[in-house]
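Hello,

Here is the structure I promised to pass on. My notes follow below it.

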Amino acid sequence: MPVQKGYRATPLLSADLVLAIATQHPLAKFASTPETQAATLTNLRRVIAHDTSLDGITRSAGLSSEGQRFYVQNMDQKVEAILAGIGVGHLPRRRIQTHLDQGRLIGLDSNQTSPVENFLAWKLGNKGKGLQSLTKQFTEALG
């Protein structure tokens, strides 16, 4: 659980992330074979969703920051960019399972991936009934 001065956090479900590449990507066949995957991954552009943190508590997870990067604003754009063959990136399995099942995306075996923990966090100074109700609803729905 993250500890930041002035904030409270409660854990939510962890995300099952899949390192994904579009089937039509020119390097997909090399990235999907264990013998050539490590060398191929270093040559692939990473599609990265910007951290939306407003107050300096930023997070980064997934592939190394080496190589080319293509930044998008949100997860929907990240899925679309990877489907378009722009690069490779970690995506939540629940968001892309249909694309995996239909063969539009290939899930790559990445030993670097571990479940990403998610938290609901808020400033301690915020104490209203609306916040209490909202945090309760979030933790029941996503916890």
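**What I found**

Let me start with Leu 120, which is found in strand β7 (residues 119-123); strands here are DSSP runs of E with at least two residues, helices are runs of H or I with at least four, and both are numbered from the N terminus. This is a predicted model, where local features need pLDDT of at least 70 and side-chain atom pairs pLDDT 80 or more, while totals for chains, interfaces and linings use all residues. Residues are numbered from 1 along each chain as its sequence is written, and side-chain values use heavy atoms, without hydrogens and water.

Leu 120 is buried, at 15% relative accessible area (buried means under 20%, with a 1.4 Å probe and protein chains only). Beyond its neighbours within four places in sequence, Leu 120 is in contact (heavy atoms within 4.5 Å) with residues including Arg 8, Leu 12 and Phe 138. Arg 8 lies 112 residues away along the chain, yet the two C-alpha atoms are separated by 8.3 Å.

As for the whole protein, it has five helices and seven strands, in the order β-β-α-α-β-β-α-β-α-β-β-α from the N terminus. Of its 143 residues, 29% count as buried.

The largest nonpolar core (buried Ala, Val, Leu, Ile, Met, Phe, Trp, Tyr and Cys residues joined through side-chain atoms within 4.5 Å) has 13 residues, and Ala 20, Val 47 and Ile 82 are among those touching the most other members. Two or more residues come from each of β2 (17-22), α3 (75-83) and α4 (93-101), with α3 giving the most, four. A second, separate core of eight residues includes Leu 19 and Val 88.

Best wishes

Notes: Buried means under 20% relative accessible area, exposed over 50%, partly exposed in between (1.4 Å probe, protein chains only).
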